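Q: I have a model open and would like to go through its packing. Could we take it step by step?
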Amino acid sequence: MLEIKELTKRFGTQTAVDHLSLEVPAGQIVGLLGPNGAGKSTTLKMLTGLLEPSSGTAVIAGHDLLADPMEVKRRVGFVPDSGAVFESLTGLEYLEMVAALYGIGAKAARERIEQFLSFFELGFDTLTDKLLGAYSKGMRRKVVITAALLHNPPVVFFDEPLDGLDANAAVGFKSLIQTLAREGKTIVYSSHILDVVEKVCDRVVIIDKGQLKVDGPPMELVREHGARTLEHLFTELTGGRDLEKRATDFARTFRG
């Protein structure tokens with residue numbers, strides 16, 4: 001469902017993503033991990049057509065990213081880390097606009113929107129009584145998640161999707177992506193919340209400085225590398241050693 005081939009992105013002399021290659025089958029949830037600046041968001045932006053690769057390519061749902069970008073965009077959903085929306089629209093206007101862009105009829109769009117409202121336990125007036133610019137961060141996130149899934153894409157990319165969601169919504173979202181995977185959708189889940197990734201992802205890919213470090217089921221990776229937890233493995237692979245000592249040394253600076 002997703003085949004990445006030597007995908008590379010350079011910004012001037014800086015290489016953000018360095019010859020990344022992966023294959024992801026249908027029905028799998030892949031956790032994309034890495035420290036800040038590792039190339040996670042850049043990778044997702046290339047795969048969704050927001051950035052053009054410097055070299056390499058990807059095949060998504062049977063369509064080449066460079067040769068057939070519009071067909072790729074029809075088959076992917078994307079929740080960016082920014083949660084950006086058109087702030088001068090109501091939530092309903094925004095979602096109806098997204099539905100129209102994907103060719104979803106008004107009746108079908110309204111039915112799907114109402115299904116998501118029910119899932120997030122929201123009243124319909126929530127989408128109509130104020131503009132998106134006045135929404136809370138969590139409410140925006142729910143609208144963006146709904147927009148990404150409205151057209152029922154076979155491949156979905158999530159970049160820090162839990163950011164801003166309350167505890168109940170976060171639990172519901174984790175159940176949602178597991179259900180989507182059981183229905184055959186391919187999920188790529190980029191996050192810094194390692195315990196969530198460990199619980200919901202079938203597979204973990206850790207990148208650092210744009211390069212692939214490890215790839216496999218989280219518990220197998222932990223065992224293979226002799227780590228205590230996924231968090232411990234992550235810090236070992238991405239230069240986070242001696243964090244406790246550094247924190248202790250830093251705390252000493254505040255002592256009288």
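Q: What is the handedness of the crossing of H3 and H5?
A: The crossing of H3 and H5 is right-handed; the term applies if the near helix is turned clockwise from the far one by less than a right angle, and anticlockwise would be left-handed. Helices (H or I, at least four residues) and strands (E, at least two) are DSSP runs, numbered from the N terminus. This is a predicted model, in which local features need pLDDT of at least 70 and side-chain atom pairs count only at pLDDT 80 or more, while totals for chains, interfaces and linings use all residues. Residues are numbered from 1 along each chain as its sequence is written, and side-chain values use heavy atoms, with hydrogens and water left out.

Q: At what angle do H3 and H5 pack, and how far apart are their axes?
A: Helix H3 (residues 91-101) and helix H5 (residues 137-149) pack at about 20 degrees, with axes 9 Å apart. Axes are lines fitted to C-alpha atoms, for helices over the stretch in contact, and angles run from 0 to 180 degrees between N-to-C directions. H3 and H5 are therefore roughly parallel to each other (under 35 degrees; over 145 is roughly antiparallel, 65 to 115 roughly perpendicular and the rest oblique).

Q: Which residues meet there?
A: From H3, Tyr-94, Leu-95 and Val-98 meet Val-143, Thr-146 and Ala-147 of H5. Contact means heavy atoms within 4.5 Å.

Q: And how does H3 pack with H4?
A: H3 and helix H4 (residues 106-119) pack at an angle of about 130 degrees, their axes being 10 Å apart. That makes H3 oblique to H4, and the crossing is right-handed. Here Leu-92, Leu-95, Glu-96 and Ala-99 of H3 meet Ala-109, Arg-110 and Ile-113 of H4.

Q: Which residues touch the most other members of the largest nonpolar core?
A: Leu-33, Tyr-94, Leu-95, Leu-127, Phe-173 and Tyr-189 do, in a core of 53 residues. A nonpolar core is a set of buried Ala, Val, Leu, Ile, Met, Phe, Trp, Tyr and Cys residues joined through side-chain atoms within 4.5 Å; buried means under 20% relative accessible area, exposed over 50% and partly exposed in between (1.4 Å probe, protein chains only). Another core, of 25 residues, lies apart from it and includes Val-17, Val-30, Val-76 and Val-155.

Q: What does Phe-173 touch?
A: Leaving out residues up to four places away in sequence, Phe-173 touches Phe-119, Ile-145, Phe-158, Pro-161, Leu-162, Leu-165 and Tyr-189.

Q: Turning to strands, how many residues of E3 are buried?
A: In strand E3 (residues 29-33), 5 of 5 residues are buried. Ile-29, Gly-31 and Leu-33 point one way, and Val-30 and Leu-32 the other.

Q: Which strands pair with E3?
A: E3 runs parallel to strand E8 (residues 186-190), joined by 4 bridges, and Ile-29 has Ile-187 as its bridge partner in E8. Strand E9 (residues 203-208) also pairs with E3 in the parallel sense over 4 bridges, with Gly-31 opposite Val-204. Two strands pair if DSSP finds at least two bridges between them.

Q: What is the strand order in the open antiparallel sheet?
A: The order of its 4 strands is E2-E1-E4-E5. Strand E2 (14-24) and strand E5 (63-64) are at the edges with a single partner strand each, so one side of each lacks a neighbour in the sheet. Helix H1 (residues 40-47) packs on the sheet and touches strand E1 (2-11), E2 and E4; the directions of H1 and E1 make about 115 degrees.
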